[in-house]
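Hi,

Here is the structure I promised to pass on. Please have a look at it with the notes that follow, and write back with any thoughts.

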Amino acid sequence: MFSFVASIVALILGYLLYGRFVDRVFGSDPSRPTPAITKADGIDFVKMPTWKVYMIQFLNIAGTGPIFGAIMGAKFGPSSYLWIVFGCIFAGAVHDYFTGMLSVRNGGVGIPELVGKYLGKGTKTVMLVFSGLLLILVGTVFVYSPAEILGSMTGGTTTAFLIWVGVIFVYYIIATLLPVDKVIGRIYPVFAIALIFMAIALMVCLFVKWPSIPEIWDGLQNRGPSVGVEGQPIFPCLFITIACGAISGFHATQSPLMARCLPDEKHGRPVFYGAMITEGLVALIWAAVSSWFFFDGGQAALGATSASAPSVVTAVARGWLGIVGGILAILGVVAAPITSGDTALRSARLIIADFFHLEQKSVRNRFLIAIPLFIAVGLLLWFNVSDENGFNTIWRYFGWSNQTLAVFSLWMITVYLVREKGRFHYFMTLIPAVFMTSVVTTFICIDKIGFHMPLQWSFAIAGISAGIAVLLFYLWKFTKGRK
């Protein structure tokens with residue numbers, strides 16, 4: 001528990017100290033009007049109170065990532081604490097802040113437009129396709145997982161599952177097409193409060209119970225050789241498993257949504273950097289709770305350390321928080337993916353609209369883009385339902401593509417810092433960019449969804465890839481970067 005407490009303190013200090021430094025480097029200016037004011041259209045560019053923008057941003061980026069990812073990541077042992085803390089403060093929150101604030105400074109454009117501005121037009125086209133596919137995967141995953149939980153609570157039959165899939169899908173259509181303040185702006189704060197309540201309640205339970213769980217100084221080795229992570233080395237698998245609680249490329253697609261609603265640049269730190277720190281706190285709490293279930297007295301409660309993430313959530317909610325608390329906790333867990341799925345499809349609509357310069361005040365234009373997106377999600381859902389391994393396959397592709405998108409975003413921010421800021425500020429994102437480049441390269445080399453190569457070969461290829469990326473970056477920096 002001492003490692004857990006130290007990690008909580010570190011995240012809070014990270015926001016107060018490093019978050020302030022990041023904001024100062026960017027130079028937020030309250031006198032500059034934001035896109036919510038200069039481009040107000042009543043649909044996507046809508047000025048909203050900062051507290052509401054923060055709540056929506058937090059729920060947008062949360063999904064099941066800081067819960068399910070942290071539960072699965074806890075099986076790697078207390079090394080998960082270190083990744084959540086350092087990843088969140090120095091990579092994830094910086095990533096979210098700069099993608100959000102650069103969007104604010106560039107009229108609320110999406111991540112492909114930003115990548116195109118700083119990395120070139122060819123990369124912009126790649127990013128359009130890549131981010132579009134990722135958002136469709138997110139929409140699919142975040143229909144399936146909450147429908148599975150709700151279906152198990154309402155009979156546990158295939159029919160119940162399919163009914164919930166239909167209900168969630170219909171909601172996605174409504175939330176994607178209506179103005180941002182009509183559905184998202186009204187219900188998201190409520191769900192965000194439920195998710196935060198769940199995290200606070202579990203943290204109180206942890207302090208009351210004070211369980212004996214592995215500490216960082218007990219060793220950082222993989223502690224789950226027989227619980228679903230056999231043969232998965234901490235590097236790179238931990239850094240793919242825990243994404244949303246540390247760094248996630250999906251967030252780069254979500255920050256521009258709230259960049260279109262932010263009333264003041266000075267509020268960027270609490271909204272973008274702060275929401276990521278909050279997500280890190282949620283991930284830490286679930287990692288600690290899961291450690292108790294996997295490695296201490298909780299094993300008897302679940303029957304085996306191989307318990308799935310939904311089983312852990314159900315056992316925790318009902319066993320620790322009682323009936324009312326359990327309902328609110330499960331509501332938070334269910335609401336999180338649903339409210340990330342609808343904004344994922346909304347982001348996809350806006351990214352495509354930006355690329356083809358289609359204004360979105362027209363209902364016709366919104367339908368023109370949204371219909372193909374919903375067809376694609378429907379086809380992937382059919383694949384998930386018809387193939388018993390379909391969801392696991394989709395999830396693994398999502399995990400890799402999610403972190404690969406983060407790599408693009410980090411390199412884009414690094415180029416921006418070279419062009420616009422001080423001599424050494426670019427190291428803020430250069431180091432995370434190189435690290436994540438090696439992570440995604442190693443994972444796609446060793447994993448079954450990729451090339452399934454020997455680990456030693458994968459490490460060598462990843463090292464070479466990261467080295468080439470650094471070499472190309474410095475060649476650009478010393479030839480074109482200063483211009």
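Met276 is buried, with a relative accessible area of 0% in this predicted model. The residue belongs to helix H12. Its C-alpha atom is separated by 8.7 Å from that of Tyr97, although the two residues are 179 apart along the chain.

H12 itself deserves a look. This helix runs over residues 268-295, which makes 28 residues, and its first and last C-alpha atoms are 39 Å apart, close to the expected 40 Å. Where does H12 bend? The bend is at Gly274 and comes to about 35 degrees. Of the 28 residues of H12, 25 are buried, so the helix is largely enclosed by the rest of the structure.

Another enclosed helix is H11, residues 250-259. Here 10 of the 10 residues are buried, and so H11 too is largely enclosed by the rest of the structure. Among these buried residues are Phe250, His251, Gln254 and Met258.

Helix H7, residues 121-153, is one more to trace on your screen. H7 has 33 residues and spans 48 Å from first C-alpha to last, close to the 48 Å expected at 1.5 Å a residue. After H7 comes Gly155, which has a positive phi near 120 degrees.

Next, two helix pairs. Helix H3 (residues 50-62) packs against helix H9 (residues 184-209) at an angle of about 70 degrees, and their axes are 8 Å apart. That angle makes H3 roughly perpendicular to H9, since 65 to 115 degrees counts as such. The H3 and H9 crossing is left-handed.

The second pair is helix H5 (residues 79-105) with H17, packed at an angle of about 115 degrees with axes 10 Å apart. H5 and H17 are therefore roughly perpendicular to each other. Their crossing is left-handed.

Helix H14 (309-356) gives two more contacts between parts of the chain. Trp320 lies in H14 and counts as buried at 13% relative accessibility. The C-alpha atoms of Trp320 and Cys205 are separated by 7.2 Å, with their positions 115 residues apart along the chain. Ala353 is also placed in H14, and is buried with a relative accessible area of 3%. From Ala353 to Asn365 the C-alpha distance is 8.5 Å, and the two are 12 residues apart in sequence.

On to the backbone, where a few residues may catch your eye. Which residues does a cis peptide bond join? They are Phe235 and Pro236, and omega is about 10 degrees. Pro236 is placed in helix H10, residues 234-241.

Two histidines have a positive phi although neither is a glycine: His357, at about 55 degrees, and His452, at about 50 degrees. His357 is found in the loop between H14 and helix H15 (363-386). His452 is found in the loop between helix H17 (427-446) and helix H18 (455-481). Are these histidines buried or exposed? His357 is exposed, with a relative accessible area of 69%, and His452 counts as exposed at 52% relative accessibility, the cut-off being over 50%.

Last, the cysteines. How many disulfides does the structure hold? The count is zero. Cys244 counts as buried at 6% relative accessibility, and Cys445 counts as buried at 4%.

If you open the model with these notes beside you, I would begin with H12: find the bend at Gly274, then Met276 in that helix, and then Tyr97, whose C-alpha is separated from that of Met276 by 8.7 Å. From there you could go to the crossing of H5 and H17, with its angle of about 115 degrees, and on to the loop between H17 and H18 where His452 is found.

Happy to talk it over whenever suits you.

Best wishes

How values were computed. Residues numbered from 1 in each chain as written. Predicted model: local features only at pLDDT ≥ 70, side-chain atom pairs only at ≥ 80, totals over all residues. Heavy atoms only, no water. Disulfide = S-S within 2.5 Å. Buried < 20%, exposed > 50% of the residue type's maximum accessible area, 1.4 Å probe, protein only. Helix = DSSP H or I, 4+ residues; strand = E, 2+ residues; numbered from the N terminus. Expected span 1.5 Å × (residues − 1). Bend = angle between axes of the 7 residues up to and from the residue. Axes fitted to C-alpha atoms, helices over the stretch in contact; angles between N-to-C directions. Parallel < 35°, antiparallel > 145°, perpendicular 65-115°, else oblique. Left-handed = near helix turned anticlockwise from the far one by under 90°.
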